[in-house]
Amino acid sequence: MFEELDDYRKKVRDFGLSEFTEDLIDRYDKTEEYPDDIRLKALKSGLIDMSNPAKILISIEELCRIDAGLGIAATIPYFGGEVIMLYGNEKQKRILNDVYSGKYILGLGVTEPSGGSDVAGLKTTAKKIGDKYVINGSKMFISNGGIADYIVLLARTSDEENKHHGLTTFLINTKSPGFEANKLHGKLGVRATNTAELKFNNLEVSVDDVIGEVGQGFYYIMTFFNISRIYVAAQALGIARGALDKILEFVKNNNIKDEYTMFKVSDVSTRIEASRQLTYNAASYLFKFDPKPALTSMAKVYAGETAVYASELAMEITKNDHKTQRFFRNAKIMEIWEGTSEIEKLIISRQILKGGN
Ligand SMILES: Cc1cc2nc3c(=O)[nH]c(=O)nc-3n(C[C@H](O)[C@H](O)[C@H](O)COP(=O)(O)OP(=O)(O)OC[C@H]3O[C@@H](n4cnc5c(N)ncnc54)[C@H](O)[C@@H]3O)c2cc1C
């Protein structure tokens, strides 16, 4: 499936090499602005075909290989779209089409100031009053939060004893009264992406803005994570490969041949190959509509740890070159978003103990 896309991979790589100049990467890393022109250029160049997830995976990997700040900024405006695609009504799907065509930007609001790992423990409420829901609460670290036109929001609609049952997904228009977004500054990495804290103060939505069924939101988000974690694994694989590119360039240019460095090159190349196999294997099941949660979490946790390892090594071998430092800063989030490494490891062990994969 993926080998057939080698020409496409080359096209993405060529786009990244010509558009992601060192000046541009540096500028957005320093200013923390969102590169909207890059988003639109990538879309117009045919690199964001949301009807073809294998191509999206390749775009993410190849763009992050050059720079994860710009690479993720170009590929994240559609974040949360699968929730609408799988469970949304016709009106919501029309909005999704406008997201995919570049007219709108989407975000996904799950994490709250009190924590992100315990999704079922979230506190934002949506109270039903007549044919409306009134939303109150806040979300933290929301990608695209300050630039999104719409947010897929997870909120509590009832206080059921089983806290997983009381959550519902909504599609929120960010122009609604009662919506507030405050951009976060000074992130460690992926600084070209827009991250915000969101506040909802008596924000009203209609019953038609519920995505899917009331009370099913927790399960929809878990299904979504089984998709998005594979994309994170591809981001991490790209960063690890980019760090290895920097190592190889330095080793060759400086004619380094000592055994320590050779062992490290061998070790990081092996880990990258293992990350690639896990990521593409997990993706091939997902694309056959047969996702494997343990395999997906293995890919995400292993590729994430490999991105951090490869970029640490790149700093060591290239003697702390500032470009390799940026790879390290961008790598760290791979172990955090869409489930920290600890959460992924819990998912893997639970699945394996159940006899699943
Ligand atoms: C740049 C950025 C962008 C993000 N974008 C989004 C977004 O678009 N939408 C969104 O909803 N969220 C987003 N997030 C939030 C991200 O998903 C959370 O940061 C992540 O899920 C972890 O949640 P937390 O930071 O609240 O840490 P916590 O959940 O508070 O965890 C803190 C620590 O405790 C550990 N821990 C927690 N529970 C357990 C457990 N049961 N067993 C063992 N260890 C545990 C964790 O592994 C972690 O090390 C983003 C975060 C960042 C930094």
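1. In this predicted model, strand E3 (132-143) and helix H12 (341-353) each contribute at least two residues to the shell around the ligand. That shell draws on both domain 2 (82-215) and domain 3 (219-353), so the ligand lies between these two domains.

2. The surroundings of the ligand comprise 20 residues, of which Gly116, Ser117, Phe141, Thr340 and Glu342 come nearest. Sorted by class, the shell has 10 nonpolar residues, seven polar ones and three charged ones.

3. Several polar atoms of the protein can be paired with specific atoms of the ligand. A backbone N or O atom of leucine 108 lies 2.8 Å from a nitrogen atom of the ligand, and a polar backbone atom of phenylalanine 141 is 2.7 Å from a nitrogen atom of the ligand. On the side-chain part, an N or O atom of glutamate 342 is placed 2.6 Å from an oxygen atom of the ligand. Taken on its own, the ligand has 970 Å² of accessible area, and the protein covers 67% of that area.

4. The UniProt record, an unreviewed entry, assigns residues 3-102 to "domain: Acyl-CoA dehydrogenase/oxidase N-terminal". In the model, this span is 73% helix and 0% strand, with its end C-alpha atoms 28 Å apart.

5. For residues 108-202 the UniProt record, again as an unreviewed entry, gives the feature "domain: Acyl-CoA oxidase/dehydrogenase middle". Here the computed content is 0% helix and 48% strand, and the C-alpha atoms at the two ends are 19 Å apart.

6. The feature "domain: Acyl-CoA dehydrogenase/oxidase C-terminal" is placed by UniProt, in an unreviewed entry, at residues 215-353. The chain over that span is 82% helix and 0% strand, and its end C-alpha atoms lie 28 Å apart.

7. As to charged pairs, side chains of opposite charge can pair when their charged atoms come close. The structure holds 26 salt bridges, and one of the pairs is formed by arginine 9 with glutamate 61, whose closest N and O atoms are 3.4 Å apart. Because arginine 9 belongs to helix H1 (residues 6-19) and glutamate 61 to helix H4 (residues 53-66), this pair ties together parts that are 52 residues apart in sequence.

Terms used
Residues numbered from 1 in each chain as written. Predicted model: local features only at pLDDT ≥ 70, side-chain atom pairs only at ≥ 80, totals over all residues. Heavy atoms only, no water. UniProt positions renumbered as here; feature names shortened; annotations may be inferred. Helix = DSSP H or I, 4+ residues; strand = E, 2+ residues; numbered from the N terminus. Near = heavy atom within 4 Å. Polar contact = N/O pair within 3.5 Å; in protein donor to acceptor, adjacent residues only side chain to side chain. Areas by Shrake-Rupley, 256 points an atom, 1.4 Å probe, with all protein chains shown as cover. Nonpolar A, V, L, I, M, F, W, Y, C, P; charged D, E, K, R; others polar. Domains from an automatic or database assignment. Salt bridge = Lys/Arg side-chain N within 4 Å of Asp/Glu carboxyl O.
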